[in-house]
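Me: Got a model I'd like to walk through with you, contacts and strands and all. Can you take my questions one at a time?

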Amino acid sequence: QAASPLHPVAVQCQEAQMVVTVHRDLFGTGRLVRAADLTLGPAACQPAALSAADNTVTFVAGLHECGSTLQMTPDSLTYKTSLSYKPTPTGNLVIVRTNSAVVPIECHYPRRNNVSSNAIRPTWAPFRSTLSAEERLMFSLRLMNDDWSAERLSNGFQLGESLHFQADVSSGNHVPLRLFVDDCVATLTPDRNSSPRYALIDLNGCLVDGRSDDTTSTFVSPRPRQETLQFIVDVFKFAGDDSNLIYITCHLKVSPAEQPPNPLNKACFFNKASSLWTPVEGTGDICSCCETGRC
């Protein structure tokens with residue numbers, strides 16, 4: 001459908017490129033955003049066209065351009081990028097009147113389909129790009145709804161609630177893999193080494209936040225699949241901090257699914273009922289170092 005204030009971003013997924021049309025009334029308020037404040041993808045590609053009559057901005061980019069990523073499943077190819085809006089001050093150089101925004105964009109293509117009878121014109125560039133993407137593992141860490149049915153739309157929480165994290169890896173053509181969360185740390189800035197800092201997961205997969213008497217933080221067991229790990233953390237804030245903004249940085253890793261979990265590749269939580277460290281899978285002895293602090 002055409003871009004409009006009701007649907008401000010429209011995407012056409014063509015054979016070799018995507019066409020993204022953005023209505024300048026991006027927020028549906030009647031206030032038009034500046035075309036120069038809109039970019040496509042991590043490479044910040046600029047618009048290809050601007051229509052004053054329709055108040056639209058159009059981006060045209062090849063599927064591999066502008067920093068887009070390719071994710072493969074057995075049945076489909078998914079090209080992912082994002083539209084970014086970053087307002088810059090105009091007139092009065094001190095203030096802006098709109099928030100920045102990021103709109104995720106995806107184009108899905110079936111991997112199995114009828115082919116046309118047109119002559120084949122091979123080109124090496126797409127082959128290199130596809131091969132490179134096949135070799136990569138696509139990790140993700142998302143905040144989920146309480147029932148794990150979908151990604152949570154808001155990142156605002158109240159004390160007393162719980163954070164539902166889901167870590168995933170898309171293994172593509174790799175051998176079956178098992179995902180682990182090696183560590184997670186909370187900070188007041190994006191720098192994970194800044195101070196103050198609070199470790200949620202440490203020691204190669206110990207959910208140390210759940211060791212405290214006043215928390216119910218835990219890994220979800222059993223896993224929904226080997227490539228996914230879910231964990232729940234009670235909401236918290238740093239004492240004496242009024243910003244109410246916390247950054248959480250996690251290190252994800254994988255091991256072959258056929259390899260038994262061990263002290264360096266594990267997911268262990270403190271079971272309050274038994275007062276013992278318990279693994280999501282594997283034998284209980286792999287969690288003993290969560291208590292000693294030497295893994």
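**Salt bridges, sheets and odd backbone spots**

Reply: Sure, and here's a starter: a network of salt bridges links Arg142, Asp168 and Arg225. A salt bridge here is a side-chain nitrogen of Lys or Arg within 4 Å of a carboxyl oxygen of Asp or Glu. Keep in mind that this is a predicted model, where local features need pLDDT of at least 70 and side-chain atom pairs count only at pLDDT 80 or more, while totals for chains, interfaces and linings use all residues. Residues are numbered from 1 along each chain as its sequence is written, and side-chain values use heavy atoms, with hydrogens and water left out.

Me: How many salt bridges does a search of the whole structure find, and what does Lys253 form one with?

Reply: The search of the whole structure turns up eight salt bridges. In one of them, the closest N and O atoms are 3.0 Å apart, and Lys253 is the nitrogen side. The pair links distant parts of the chain, 71 residues apart, with Lys253 in strand β15 (residues 247-256) and its partner in strand β11 (residues 177-187); strands are DSSP runs of E, at least two residues, and helices are runs of H or I, at least four, all numbered from the N terminus. So the count is eight, and the partner is Asp182.

Me: Are Lys253 and Asp182 buried or exposed?

Reply: The cut-offs first: buried means under 20% relative accessible area, exposed over 50%, and partly exposed in between, with a 1.4 Å probe and protein chains only. Lys253 has a relative accessible area of 18%, so it makes the cut. Asp182 comes in at 9%. That makes Lys253 buried and Asp182 buried.

Me: Which residue does Arg211 form a salt bridge with, and how far apart are the closest N and O atoms?

Reply: Arg211 pairs with Glu291. This pair links distant parts of the chain, 80 residues apart: Arg211 is in the loop between β12 (197-201) and β13 (218-219), and Glu291 is in helix α2 (residues 288-292). Arg211 is partly exposed at 33% relative accessibility, and Glu291 is partly exposed at 47%. The names and number you want are Glu291 and 3.1 Å.

Me: Why does the pair of Arg223 and Glu281 tie together parts that are apart in sequence, and how many residues is that?

Reply: Their salt bridge has its closest N and O atoms 2.8 Å apart. Arg223 lies in the loop between β13 and β14 (228-234), while Glu281 lies in the loop between β17 (276-279) and α2, so the two parts tied together are well separated in sequence by 58 residues. Both Arg223 and Glu281 are buried. The separation, again, is 58 residues.

Me: In what order do the three strands of the open sheet with β11 run, and which stand at the edges?

Reply: The pairing is antiparallel, in the order β12-β11-β15; two strands pair if DSSP finds at least two bridges between them. β11 and β15 pair over 10 bridges, and Ala186 stands opposite Ile248 in β15. The edge strands each have a single partner, so one side of each is left without a neighbour in the sheet: they are β12 and β15.

Me: What is the order of the open sheet of four strands, and which residue stands opposite Thr56?

Reply: This one is antiparallel too, in the order β1-β2-β5-β4. β1 (9-13) and β4 (49-51) stand at its edges. Seven bridges join β2 (residues 17-23) to β5. Opposite Thr56 in β5 you'll find His23.

Me: Which residues does a cis peptide bond join, with omega about 0°?

Reply: Most peptide bonds are trans. One cis bond leads into Pro196, in the loop between β11 and β12, and another leads into Pro222, in the loop between β13 and β14. The joined residues are Ser195 and Pro196, then Ser221 and Pro222.

Me: What is the phi of Cys66?

Reply: Most residues other than glycine have a negative phi. Cys66, in the loop between β5 (56-62) and β6 (69-72), has a positive phi although it is not a glycine. Cys66 is also buried, with a relative accessible area of 9%. Its phi is about 65°.
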